[in-house]
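Got your viewer open? Here's a short walk through the model, one selection at a time.

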Amino acid sequence: MTRMMRALQVRNLSADLSGVGIVDAAIPEPKPDEVLIRIEAAALGFPDLLMTRGEYQAKPALPFVPGMEAAGIVVRAPSDGPWREGDRVIAGMLTGGVAQFGCFPEGALLRLPERLSMAQGAALRAAYLTAWVALVCRGMAQAGEWLLVHGAAGGVGLAAVDLGVALGLKVIAVASTQEKREAISDLYKPAHVIDGSAGFREQVLAITDGKGADLVYDPVGGDVFDESTRCIAFDGRLLVVGFAGGRIPEVRVNMPLIKGFSVVGVRAGEYGRRFPDRGKENVARILELAGQGRIRPHLHATFALDDWKCAFEAMEQRSVIGRSVIMPHT
């Protein structure tokens, strides 16, 4: 095996990706408790873009290799550990994904379900774990309930639509463009797909026969959150996943009191850290569903490493449906 590899590196923080570029680097040497994997696919998420600007809550030291999710093949592993050369694995981390090789702690790896490609495996972990913790652990979702998903074409939104359908929920997906709505309709035909650009309250109430949504999955915030409080059902759960819309909203507490709904915060990673046993169980359930073919990450596009900028710009333009994936060896 060659001793050198190519990797994407953030050298300087910038608003226009000018501090990011491809470098030649030595293949890292694994520590005693680490596994070296040949990275076949690295899925991108909005946090990866924000980190190139220094706008994400986690701020890795410069320079760093972006990429929080990857999938690949084990090259070298501790002889007394659970992994062997040739195993197909998913890796989750803060950085290091957009490279041809990477070293990761044994506990940061999951076995890639046979049904999934490398690219699908890279796109599985964060989005679907967020959706699972939101809907099942925090939202206490029950089959037959109405689920309203905002930002439904994005990575975490589309995962919530997919998982909601798998759980037997009646899904209403909100997307901003005709292209996105048509894509969601083609992928998830049982779901209702609506345009939220001019408001969605009346549409949601009409679809639910005036009841409103039992669960609202909101990674957007701002005006979307505000209007969601006006079309949520009594005893509903408004799941706060993020603020992609920019504005962090506020709610007067008389509204949850009068309408009888709950505002529930969702931090999937922190949930697993606070409750390790539940965290392991959550991951196991996601892998089980993926292995059964009941959930399947949707790929917007795959990009060669040299085309990394196109992948990041697609996220910046909010044109991605599902997840974009960089294939470091192409």
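How many bridges join strand β11 to strand β12, and which way do the two run? Select residues 213–218 for β11 and 232–240 for β12: five bridges join them, and they run parallel. (Strands here are DSSP runs of E with at least two residues, helices are runs of H or I with at least four, and both are numbered from the N terminus; two strands pair if DSSP finds at least two bridges between them.) Click on L215 and look across to R237, its bridge partner in β12.

Before going on, a word about what you're looking at. This is a predicted model, where local features need pLDDT of at least 70 and side-chain atom pairs count only at pLDDT 80 or more, while totals for chains, interfaces and linings use all residues. Residues are numbered from 1 along each chain as its sequence is written, and side-chain values use heavy atoms, leaving out hydrogens and water.

Now show the whole sheet. It's an open one of six strands, in the order β10-β9-β8-β11-β12-β13, with parallel pairing. β10 (192–195) and β13 (262–265) stand at the edges with a single partner strand each, so one side of each has no neighbour in the sheet.

Next, select 125–138, which is helix α3. Add 155–166 for helix α4: the two axes come within 8 Å and cross at roughly 60°. (Axes are lines fitted to C-alpha atoms, for helices over the stretch in contact, and angles run from 0 to 180 degrees between N-to-C directions.) That makes α3 oblique to α4, oblique being whatever is left after under 35 degrees (roughly parallel), over 145 (roughly antiparallel) and 65 to 115 (roughly perpendicular). For the side chains that meet, try A131 and W132 in α3, and A159 and L163 in α4, which are among the residues in this contact. Contact means heavy atoms within 4.5 Å.

Keep α3 on screen and add residues 276–291, helix α10. Here the angle is about 110° and the axes are 10 Å apart, which means α3 is roughly perpendicular to α10. W132 turns up here too, in a set from α3 that also includes Y128 and V133, meeting α10 residues such as I286 and L289.

Last stop: T130, also in α3. Is T130 buried or exposed? At 16% relative accessibility T130 counts as buried, since the cut-off is under 20% relative accessible area (over 50% is exposed, in between is partly exposed; 1.4 Å probe, protein chains only). Leaving aside neighbours within four places in sequence, T130 is in contact with Y217, V241, V266 and A268.
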